[in-house]
Amino acid sequence: MQREHVLNRALNLLEQKGFTRVTLEMLADELSIPVAQLQQFWPEREALHYDCLRYHADQIDSWRSKVLLDNTLDPQQKLLARYRILDEQVRQQRYPGCLFVAACTFYPAADHPIHQLAEQQKQASFAYTHALLTQLEADDATMVAHQMELILEGCLSKLLVKHQLQDVAIARRLAEDILRLALCRKNGALA
């Protein structure tokens, strides 16, 4: 049993069925292994949730770093790259990022480790957006970053429930429009 394989399978189940429905028994059935084998590493469901989200956060952090280092993309393309990746993943019935939104609802206590992990990922997403907007010298980069993150989080929330690919395209278009407006304000076009 390879840890990454188990966590990927668990992530997929969590994305499809949600935190409330996924149990260690369900995952064991999915992997065709005894539940006791999983319990050696994750004694209860909450431990599995935490490990899954930590693993997923590492995947997303790695993706962000890769995009930031990609010299073939300009800052605008880097800002919108998340929607291309999200589109590709949704086509494969994967919903990256959605679980961080859901985790804050399922674990609402701000001091809960899973809630804190989800909040850290949201802050990392904001920092990514803000840094690129600052690089573009966008007008009021902080406000625009908040707007773009609100669109992304709304998209992820809706994907969590509806699983509809069209929501990614709509969110991307909204993000493009906000970015375009911010760059127009920077250049005085809306003054």
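This report describes the fold, the nonpolar cores, the largest pocket and a few single residues of one protein model.

The model is predicted, so local features need pLDDT of at least 70 and side-chain atom pairs count only at pLDDT 80 or more, while totals for chains, interfaces and linings use all residues. Residues are numbered from 1 along each chain as its sequence is written, and side-chain values use heavy atoms, with hydrogens and water left out.

**Overall fold**

The protein has 9 helices and 0 strands, and along the sequence its pattern reads α-α-α-α-α-α-α-α-α. Helices (H or I, at least four residues) and strands (E, at least two) are DSSP runs, numbered from the N terminus. The C-alpha trace spans about 65 × 35 × 30 Å along its principal axes. Of the 191 residues, 43% are buried. Buried means under 20% relative accessible area, exposed means over 50%, and partly exposed lies in between (1.4 Å probe, protein chains only). Among contacts (heavy atoms within 4.5 Å) between residues at least 6 apart in sequence, 68% join residues at least 24 apart.

**Helices α4 and α9**

The expected span of a helix is 1.5 Å times one less than its number of residues. The table sets this value beside the distance between the end C-alpha atoms.

| Helix | Residues in helix | Expected span | End C-alpha distance |
|---|---|---|---|
| α4 | 25 residues | 36 Å | 36 Å |
| α9 | 21 residues | 30 Å | 30 Å |

For α4 the end-to-end distance agrees with the expected span, and for α9 it agrees as well.

The buried residues of α4 are L48, H49, D51, C52, L53, Y55, H56, A57, I60, W63, R64 and V67. They are covered by elements that include α1, α2 (24-31), α5, α6 and α7. In α9 the buried residues are D167, V168, A171, A175, E176, I178, L179, A182 and L183, and these pack against α5, α7 and α8. An α-helix has 3.6 residues a turn, so residues three or four places apart point the same way. After α9 comes G188, whose phi is positive, near 80°.

**Nonpolar cores**

A nonpolar core is a set of buried Ala, Val, Leu, Ile, Met, Phe, Trp, Tyr and Cys residues joined through side-chain atoms within 4.5 Å. The largest such core has 33 residues, and Y83, L133 and L159 have the most contacts inside it. At least two residues of this core come from each of α4, α5, α6, α7, α8 and α9 (166-186). The helix that gives the most to this core is α8, with 9 residues. Another core, of 30 residues, lies apart from it and has L11, L13, L14 and L24 among its members.

Leaving out residues up to four places away in sequence, L159 touches L86, V90, Y95, C98, Q164 and V168.

**The largest pocket**

On a 1 Å grid over the protein atoms alone, a pocket is an open set of points where a 1.4 Å probe fits, with protein on both sides within 12 Å along at least five of seven lines; lining residues have an atom within 4 Å of a point. The largest pocket has a volume of about 620 Å³, the volume being the space filled by probe spheres set on the points. It is lined by 27 residues, and I60, R64, P96, G97 and L156 are the closest to its centre.

Six helices each supply at least two lining residues: α1 (3-17), α4 (45-69), α5 (75-91), α6 (98-106), α7 (113-135) and α8 (141-162). The largest share, 6 residues, comes from α8. By class, the lining divides into 12 nonpolar, 8 polar and 7 charged residues. Here Ala, Val, Leu, Ile, Met, Phe, Trp, Tyr, Cys and Pro count as nonpolar, Asp, Glu, Lys and Arg as charged, and the others, Gly among them, as polar.

**Single residues**

D167 is in helix α9 and counts as buried because its relative accessibility is 6%. Not counting residues up to four places away in sequence, D167 touches C155, K158 and K162.

Q116 belongs to helix α7 and is partly exposed, with a relative accessible area of 36%. Beyond its neighbours within four places in sequence, Q116 is in contact with A110 and D111. Q116 and C155 are 39 residues apart in sequence and 21 Å apart in space, C-alpha to C-alpha.

P108 sits in the loop between α6 and α7 and is exposed, with a relative accessible area of 60%. The C-alpha atoms of P108 and A182 are separated by 33 Å, the two residues being 74 residues apart along the chain.
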